[in-house]
Amino acid sequence: MFPGATASREDAAYAVVGAPLDRSTSFRPGTRFGPERIRRFARPFDDYDRRTDLHFSDCSVHDHGDVRAWDDAPEYLAWLAGELRDVVADDAVPLVLGGEHTVSAAAVDAVSPEVFVCLDAHLDLRRDLDGNEYSHATVTRRILDSDDATDPVGGDSTSGVEEAAVIGARTGSPEEWDRADAADVTVVAPEDVAEFDLRSWLDGRTAYLSVDIDAADPGFAPGTGTPEPFGLDPRALCSVVRTVAPNAAGFDVVEVNDRDDGQAASLAAKLCREFVYSHAAGRE
């Protein structure tokens with residue numbers, strides 16, 4: 001159980017849902033261990049947050065457990081989206097623990113936000129990677145182009161995302177950079193994040209916030225599948241999470257694996273808690 005997630009399903013304002021998909025990782029596998037690892041490395045954190053004057057255990061968080069993954073990614077995404085729609089129908093905000101980044105498409109499909117905000121080292125705007133349209137490297141393209149062949153969950157999507165902001169991106173293929181030039185994509189390089197007016201970009205729109213842990217420089221979070229140097233420090237990630245959370249209808253943190261001493265999982269767990277504190281404070 002995620003520490004402090006003591007609310008019942010009926011009383012939950014937030015629901016932690018593990019999505020341990022580990023099918024298309026392109027370099028170092030292990031995202032299947034992400035949800036358990038994030039929960040484990042959340043254990044040392046204090047329950048009380050001085051900034052918001054909130055106790056995590058008072059924020060009505062429920063741990064739904066993991067939605068067991070299998071090899072058929074389209075089928076799994078459809079099933080996961082259904083589980084998350086149930087969470088949304090119960091008036092709870094889903095907090096998804098990945099798993100590879102592919103799972104974000106299911107969560108966005110369930111939440112149907114206006115905009116998608118993603119902290120990520122990679123653009124993830126490919127149509128496919130090595131012929132796989134459901135690769136983790138296609139997730140942002142899949143979310144944006146949900147009305148065509150790259151429908152997020154391989155069915156009748158209603159995600160309706162208008163725009164995406166990819167924050168911390170520092171690499172991509174020529175095809176991806178071409179797609180990023182379109183009006184519905186904003187890319188913010190790591191060196192520009194501090195000056196980017198994210199609140200104005202949001203403009204009060206409902207958001208879904210996805211944190212690919214590789215947005216962080218691998219010196220801070222080495223336990224991820226495709227580490228990319230020259231990334232963000234943890235404070236920069238925290239600032240984005242705090243800014244987006246009051247506008248967000250859903251959250252995930254993904255791409256954590258078991259290939260470090262817990263740095264990536266610890267950062268992921270802390271960002272999840274920061275999201276809850278900031279979202280809950282915004283409700284008051």
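**Reading a sheet, its helices and its salt bridges**

Tutor: Let's start at a small landmark: right after H3 comes Ser112, with a positive phi near 55°. Keep in mind that what we're looking at is a predicted model.

Student: And H3 itself: how many of its residues are buried?

Tutor: Helix H3 covers residues 104–111, and eight of its eight residues are buried, so call it mostly covered. That goes for Asp109 too, alongside Ser104, Ala105, Ala106, Ala107, Val108, Ala110 and Val111.

Student: What do the buried residues of H3 pack against?

Tutor: Two helices and four strands are listed as partners: helix H2 (73–89) and helix H4 (139–144), plus strands S5 (93–98), S6 (115–119), S9 (207–212) and S10 (248–254).

Student: Those strands bring me to the sheet. In what order do its strands run?

Tutor: The general idea is that strands of a sheet pair through backbone hydrogen bonds, in either a parallel or an antiparallel sense. Here you have eight strands in an open sheet, reading S4-S1-S5-S10-S9-S6-S7-S8, and the pairing is parallel. S4 and strand S8 (185–188) are the edge strands; each has a single partner, so one side of each has no neighbour in the sheet. Going from one strand to the next, the twist averages 15°.

Student: How many bridges pair S9 with S10?

Tutor: Six, in the parallel sense. To find one of them in the viewer, take Val211 and look across to S10, where its bridge partner is Val253. While you're there, look for helix H7 (residues 234–244), which packs on the sheet and touches S6, S7, S9 and S10. The direction of H7 makes about 165° with that of S9.

Student: Let me move along to S5. Are its residues buried or exposed?

Tutor: Buried, six of six. Split the strand by face and you'll see both are covered: Val93, Leu95 and Leu97 lie on one side, with Pro94, Val96 and Gly98 on the other.

Student: How many bridges join S5 to S1, and how many to S10?

Tutor: S1 and S5 pair in parallel over six bridges, while three bridges join S5 to S10, again running parallel. As signposts, Ala19 has Gly98 of S5 as its bridge partner, and Val96 has Asp252 of S10.

Student: On to helix packing. At what angle do H1 and H8 cross?

Tutor: Two packed helices are described by the angle between their axes and the distance between the axes. For H1 (residues 34–41) and H8 (residues 263–283), the axes come within 8 Å and cross at roughly 75°. That makes H1 roughly perpendicular to H8.

Student: Which residues of H1 and H8 meet?

Tutor: From H1 it's Arg37, Ile38 and Phe41; from H8 it's Ala265, Ser266, Ala268 and Ala269. Sorted by class, the contact has five nonpolar residues, one polar and one charged. A handy reminder for picking out a helix face: an α-helix has 3.6 residues a turn, so residues three or four places apart point the same way.

Student: Last topic, then. How many salt bridges does the structure hold?

Tutor: Side chains of opposite charge can pair when their charged atoms come close. The count here is 17. Take Asp22 and Arg32, whose closest N and O atoms are 2.8 Å apart. Both sit in the loop between strand S1 (14–19) and H1, 10 residues apart. Asp22 counts as buried at 15% relative accessibility, whereas Arg32, at 46%, is partly exposed.

Student: Where do Arg39 and Asp66 lie?

Tutor: Their side chains meet in a salt bridge with an N to O distance of 2.8 Å. Arg39 lies in helix H1 and Asp66 in strand S4 (residues 61–66), so this pair ties together parts 27 residues apart in sequence. Arg39 is buried, with a relative accessible area of 10%; Asp66, at 39%, is partly exposed.

Student: How far apart along the chain are Arg205 and Glu162?

Tutor: They are 43 residues apart: Arg205 is in the loop between helix H6 (198–202) and S9, and Glu162 in the loop between H4 and strand S7 (163–167). Their salt bridge has an N to O distance of 3.5 Å. Arg205 is buried at 14% relative accessibility, and Glu162 is partly exposed at 42%. Finally, look for a network: Arg141, Asp145, Glu175, Arg179 and Asp184 are joined into one by salt bridges that share partners.

Notes. Residues are numbered from 1 along each chain as its sequence is written. This is a predicted model: local features need pLDDT of at least 70, side-chain atom pairs count only at pLDDT 80 or more; totals for chains, interfaces and linings use all residues. Side-chain values use heavy atoms; hydrogens and water are left out. Axes are lines fitted to C-alpha atoms, for helices over the stretch in contact, and angles run from 0 to 180 degrees between N-to-C directions. Angles under 35 degrees count as roughly parallel, over 145 as roughly antiparallel, 65 to 115 as roughly perpendicular and the rest as oblique. Contact means heavy atoms within 4.5 Å. Ala, Val, Leu, Ile, Met, Phe, Trp, Tyr, Cys and Pro count as nonpolar, Asp, Glu, Lys and Arg as charged, and the others, Gly among them, as polar. Buried means under 20% relative accessible area, exposed over 50%, partly exposed in between (1.4 Å probe, protein chains only). A salt bridge is a side-chain nitrogen of Lys or Arg within 4 Å of a carboxyl oxygen of Asp or Glu. Two strands pair if DSSP finds at least two bridges between them.
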